[in-house]
Amino acid sequence: MIKPLFDNVLLKKIEQEQETTSGIVLSSTGADESNIGEVVALGESCLLSAVNEGELTTGSVVVFSDVYKKITHKNEIYYIVNEEEILAVLED
């Protein structure tokens with residue numbers, strides 16, 4: 001388990017598939033990757049966390065900036081961002 005420290009947020013990127021109007025699924029390339037991810041864990045100092053009366057909880061889907069650290073742990077890719085790099089929470 002990776003536990004972010006301070007005001008860092010651990011994310012797992014959600015790959016967005018694009019589909020044409022005729023139903024053909026287009027694969028994502030590196031040039032047009034989206035920065036949408038799911039919150040895996042929050043650091044104890046995150047002001048945005050639900051513990052601190054914020055909007056982020058584990059499982060929240062967010063949009064994040066291009067300022068992140070990419071890490072691989074047990075063959076899984078994760079992203080660590082400072083909470084200031086969380087730009088929006090996506091709601092249904």
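Among contacts in the protein chain between residues at least 6 apart in sequence, what percentage join residues at least 24 apart? The figure is 59%, where a contact means heavy atoms within 4.5 Å. The model is a predicted one, in which local features need pLDDT of at least 70 and side-chain atom pairs count only at pLDDT 80 or more, while totals for chains, interfaces and linings use all residues. Residues are numbered from 1 along each chain as its sequence is written, and side-chain values use heavy atoms, with hydrogens and water left out.

The overall fold is a good place to start. The secondary structure of the protein chain amounts to 0 helices and 8 strands, with helices (H or I, at least four residues) and strands (E, at least two) taken as DSSP runs and numbered from the N terminus. Read from that end, the order of elements is β-β-β-β-β-β-β-β. The chain has 92 residues, of which 27% count as buried; buried means under 20% relative accessible area, exposed over 50%, and partly exposed in between, using a 1.4 Å probe and protein chains only. The accessible surface of the protein chain comes to about 6300 Å², and 52% of this belongs to carbon and sulfur atoms. These areas come from the Shrake-Rupley method with a 1.4 Å probe, and for residues only the protein chains shown count as cover.

Turning to the interior, the largest nonpolar core has 10 residues in all: Val9, Leu11, Val39, Cys46, Leu56, Val62, Phe64, Tyr79, Val81 and Ile86. At least two residues of this core come from each of β1, β5 and β7. A nonpolar core is here a set of buried Ala, Val, Leu, Ile, Met, Phe, Trp, Tyr and Cys residues joined through side-chain atoms within 4.5 Å. In soluble globular proteins, nonpolar side chains tend to be buried together. Leu56 is a helpful residue to look at in the viewer: leaving aside residues up to four places away in sequence, Leu56 touches Val39, Leu42, Leu48, Ser49, Ala50, Val62, Ile86 and Val89.

The aromatic residues come next. The structure holds 3 aromatic pairs, a pair being rings of Phe, Tyr and Trp (its six-membered ring) whose centres lie within 6.5 Å, with planes under 30 degrees apart counted as stacked, over 60 as edge-to-face and the rest as tilted. One of these is the tilted pair of Phe64 and Tyr79, with 6.1 Å centre to centre and 40° between the planes. Phe64 lies in strand β5 and Tyr79 in strand β7, so this pair ties together parts that are 15 residues apart in sequence. Both partners are buried, Phe64 with a relative accessible area of 2% and Tyr79 at 6%. Tyr79 also forms an edge-to-face pair with Tyr68, at 5.0 Å centre to centre and 85° between the planes. Because Tyr68 lies in the loop between β5 and β6 (69-73) and Tyr79 in strand β7, the parts tied together here are 11 residues apart in sequence. Tyr68 is partly exposed, at 31% relative accessibility. Ring pairs thus link Phe64, Tyr68 and Tyr79 into a cluster.

Charged side chains add further links. A search of the whole structure finds 2 salt bridges, each defined as a side-chain nitrogen of Lys or Arg within 4 Å of a carboxyl oxygen of Asp or Glu. In one of them, Glu44 meets Lys3 at 3.6 Å, N to O. Glu44 lies in the loop between β4 (36-42) and β5 (61-64) and Lys3 in the segment before β1 (8-13), so the bridge ties together parts that are 41 residues apart in sequence. Glu44 is partly exposed at 48% relative accessibility, whereas Lys3 is exposed at 57%. Glu76 and Lys12 form a salt bridge with an N to O distance of 2.4 Å. Since Glu76 sits in strand β7 (residues 76-82) and Lys12 in strand β1, this bridge ties together parts that are 64 residues apart in sequence. Glu76 is partly exposed, with a relative accessible area of 34%, and Lys12 is partly exposed too, with 28%. The charged end of Lys12 also sits over the ring of Tyr78, 5.2 Å from its centre; this term requires NZ of Lys or CZ of Arg within 6 Å of the ring centre and within 35 degrees of the ring normal.

Finally, the backbone deserves a glance. Phe6, in the segment before β1, has a positive phi of about 55° although it is not a glycine, and Phe6 is exposed, with a relative accessible area of 53%. Lys74 likewise has a positive phi of about 55° without being a glycine. Lys74 is found in the loop between β6 and β7 and is exposed, with a relative accessible area of 68%.
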